[in-house]
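Load the model in a viewer and keep the sequence panel open. The stops below say what to select next and what is found there.

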Amino acid sequence: MHHPIQDSPGRDAHRAPALAIPSCPVPTAYQGVWRRDWIESHPAGNLTPVRNGQPAIWFQSPCYHVDLRVNPALPPSARPGDAGFSQQMAFAGRTEVGTQHGRAHCRWVPDIACPARPVDDVDDGFMQFESATHLLEYGTDGSYVESWRR
């Protein structure tokens, strides 16, 4: 395939590195735009779960994902260093879907993140479809449950 910018004469010195393509596709049931209703965390040593309704958006393509965690109280003019700004985050990368211990399992491997995350900081969870438009994600370590809707 010809890439006009990458394959232009004299552009070899500025050639973008080839992307590593994951095994595709992610099953169509996962593809689309999802909005998190809530996340319920189970902090270590605390028997009472903590529920948080802070919004998150998850876009899932046949191979890649984008995950945005935003602070709704933050004004549009907010800048890094402002109170609440650090509660925002975004990451994007490859998505791997399979089974683990007989349960549907997803792994989101970040290729880019803001703020930066360690390379081995992988999100993964057991997935349970309540319907075609409602999905529950359970942390593989049992520390959280998230409710996602299309």
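Start by selecting V26, Y30, W34, A56, W58, C106, W108, M127, L135 and W148: these 10 residues make up the largest nonpolar core. A nonpolar core is here a set of buried Ala, Val, Leu, Ile, Met, Phe, Trp, Tyr and Cys residues joined through side-chain atoms within 4.5 Å. Buried means under 20% relative accessible area, exposed means over 50%, and partly exposed lies in between (1.4 Å probe, protein chains only). β3 (56-60) and β6 are the elements that give two or more residues to this core. Strands (E, at least two residues) and helices (H or I, at least four) are DSSP runs, numbered from the N terminus.

The model is predicted: local features need pLDDT of at least 70, side-chain atom pairs count only at pLDDT 80 or more, and totals for chains, interfaces and linings use all residues. Residues are numbered from 1 along each chain as its sequence is written, and side-chain values use heavy atoms, with hydrogens and water left out.

Stay in the core and pick M127. Which residues does M127 touch, not counting residues up to four places away in sequence? The list is Y30, W58, A104, H105, C106, W108, L135, L136 and E137, where contact means heavy atoms within 4.5 Å.

Zoom out to the whole chain. The chain has 9 strands and 0 helices. Of its 150 residues, 29% are buried. Among contacts with a separation of 6 or more, 44% are between residues 24 or more positions apart. The chain exposes about 9500 Å², and carbon and sulfur atoms supply 59% of that area; accessible areas come from the Shrake-Rupley method with a 1.4 Å probe, and for residues only the protein chains shown count as cover.

Next, select residues 134-139, which are strand β8. In β8, 5 of the 6 residues are buried. On one side of the sequence, β8 pairs with strand β7 (residues 123-131) in the antiparallel sense over 6 bridges; two strands pair if DSSP finds at least two bridges between them. The hairpin of β7 and β8 has 2 residues between the strands. To check the register, show F129, whose bridge partner in β8 is L135.

Strand β9 (residues 144-149) is also antiparallel to β8, joined by 5 bridges. Here H134 has R149 as its bridge partner in β9. The hairpin of β8 and β9 has 4 residues between the strands, and G142 in this hairpin takes a positive phi near 80°.

Two backbone spots come next. Most residues other than glycine have a negative phi, and most peptide bonds are trans. H101 is not a glycine, yet has a positive phi of about 55°. H101 sits in the loop between β5 and β6 and is exposed, at 73% relative accessible area. Then go to the peptide bond from C114 to P115, which is cis, with omega near -5°. P115 is placed in the loop between β6 (103-114) and β7.

Now turn to charged side chains. How many salt bridges are there? The count is 7, taking a salt bridge as a side-chain nitrogen of Lys or Arg within 4 Å of a carboxyl oxygen of Asp or Glu. Select R36 and E146: their closest N and O atoms are 2.8 Å apart. R36 lies in strand β1 (residues 32-41) and E146 in strand β9, so this pair ties together parts that are 110 residues apart in sequence. R36 is buried at 7% relative accessibility, and E146 is buried at 4%.

Add R69 and D67, a salt bridge with closest N and O atoms 2.5 Å apart. R69 is buried at 14%, and D67 is buried at 6%. Salt bridges that share partners join R36, D67, R69 and E146 into one network.

For another pair, select E40 and R51, which meet in a salt bridge (3.1 Å, N to O). E40 is in strand β1 and R51 in strand β2 (residues 50-52), 11 residues apart. E40 counts as buried, at 18% relative accessibility.

Finish at the surface with V33, F59, V66, L68 and V70, which make a nonpolar patch of about 370 Å². Patches are made of residues with over 30% relative accessible area and no salt bridge, with like charges joined within 9 Å and nonpolar side chains (Val, Leu, Ile, Met, Phe, Trp, Tyr) within 5 Å. V70 is in the loop between β4 (64-69) and β5 (89-100) and is partly exposed, at 34% relative accessible area.
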